[in-house]
Amino acid sequence: MAIYGYCRISTKTQNIERQVRNIKAAYPTAIIVCEVFTGTKVQGRKKLDGVLRVIRPGDTLVFDSASRMSRNEQEAVELYENLFNAGVELVFLKEPSVNTATYRKALENQIQITDTTGNKATDDFIQSIIQALNDYNMALAKQQIALCFSQAQKEVEDLHQRTKEGIETARLNGKQIGLPAGAKLNVKKANAAKEIIRKHSVDFGGSLDDTEAMKLAGVCRNSFYKYKRELREEMAY
């Protein structure tokens, strides 16, 4: 059975290696498929569509996180259910609680009673209760899956909002946002700025775009891109 690892970034300048490393660490034999995708519809992802065309029952599709499967909750849940029903195992390294193995366990734990009382009315009543309990159990499983995708999207949006609010608050309090023209950082401040960039920039697996990361690090445009270049060089070794 084949194992595929799907990695996605939103811009060509982002670094996708973190996702690749995480998947390879867990599944060394995984076939890695990488994609730069800026849209919001699953159907627009050509590389993912290619995987979906060749994947077979019993194969495994691995994501670093649920947010890499889709940025749209409804489409993510629909794709999840389609792959689940097709017999494909889905693995989310950061959200193992919604792996298909967990979903399948919910199915296996459904209540089943084969004995009958001999009274059709009573048997029909009992079966209706069992079916209702089973439906409720599966509805909870689906709700958990939907919540996971929704939460992944919300966390990114909240981080963007908190960053913007923090920057605005600092500006209103008179704090310098970025360095004045011609100013230079000393080595200690440069290292601190690079650490912020490494942790929060989308290029290194974070969720802030260049403008937001630049302001958060408190550096000018030239220094920001210089530090990004140095970080890439450091990570290459």
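**Exercise 1. In this predicted model, determine which residue just after helix 7 takes a positive phi, and describe how the N-terminal end of that helix is capped.**

Solution. Begin at the far end of the element: just after helix 7, Gly218 adopts a positive phi of about 70°. Next, turn to the N-terminal end, where Asp209 acts as the cap, with one of its side-chain oxygens 3.3 Å from the backbone nitrogen of Thr211. Finally, look between these two ends: helix 7 spans residues 210-217, and its buried residues are Asp210, Glu212, Ala213, Met214 and Ala217.

**Exercise 2. Work out the strand order of the open sheet, and state which strands form its edges.**

Solution. Take the pairings one at a time. Strand 1 (residues 3-9) is joined to strand 2 by 6 bridges, and the two run parallel; within this pair, Gly5 has Ile32 of strand 2 as its bridge partner. Strand 1 also pairs with strand 3 in the parallel sense, here over 4 bridges, and Tyr4 finds its partner in Leu61 of strand 3. Strand 3 in turn pairs in the parallel sense with strand 4 (residues 89-92), again over 4 bridges, and the partner of Leu61 in strand 4 is Leu90. Put together, these pairings give an open sheet of 4 strands in the order 2-1-3-4. The edges are strand 2 (31-36) and strand 4, each of which pairs on one side only, and the twist from one strand to the next averages 20°.

**Exercise 3. Decide whether the two faces of strand 3 are covered or open.**

Solution. First recall that side chains in a regular strand alternate between the two faces of the sheet. Then sort the residues of strand 3 (residues 60-63) by side: Thr60 and Val62 lie on one, Leu61 and Phe63 on the other. Since buried means under 20% relative accessible area, and these four residues are all buried, both faces of strand 3 are covered.

**Exercise 4. Classify Ile129 and Ile126 as buried, partly exposed or exposed, and say which residues make the nonpolar surface patch.**

Solution. Ile129 belongs to helix 5 (residues 120-172), and Ile126 is placed in helix 5 as well. Ile129 has a relative accessible area of 38%, and is therefore partly exposed; Ile126, at 30% relative accessibility, likewise counts as partly exposed. The patch, of about 290 Å², is made by Phe125, Ile129 and Leu133. As a last step, locate Ile126 relative to Thr116: the two are 10 residues apart along the chain, and their C-alpha atoms are separated by 9.1 Å.

Terms used:
Residues are numbered from 1 along each chain as its sequence is written. This is a predicted model: local features need pLDDT of at least 70, side-chain atom pairs count only at pLDDT 80 or more; totals for chains, interfaces and linings use all residues. Side-chain values use heavy atoms; hydrogens and water are left out. Patches are made of residues with over 30% relative accessible area and no salt bridge: like charges are joined within 9 Å, nonpolar side chains (Val, Leu, Ile, Met, Phe, Trp, Tyr) within 5 Å. Accessible areas come from the Shrake-Rupley method with a 1.4 Å probe; for residues, only the protein chains shown count as cover. A salt bridge is a side-chain nitrogen of Lys or Arg within 4 Å of a carboxyl oxygen of Asp or Glu. Buried means under 20% relative accessible area, exposed over 50%, partly exposed in between (1.4 Å probe, protein chains only). Two strands pair if DSSP finds at least two bridges between them. A polar contact is a pair of N or O atoms within 3.5 Å; within protein, one must be able to donate a hydrogen and the other to accept it, and residues adjacent in sequence count only if both atoms are side-chain atoms. Axes are lines fitted to C-alpha atoms, for helices over the stretch in contact, and angles run from 0 to 180 degrees between N-to-C directions.
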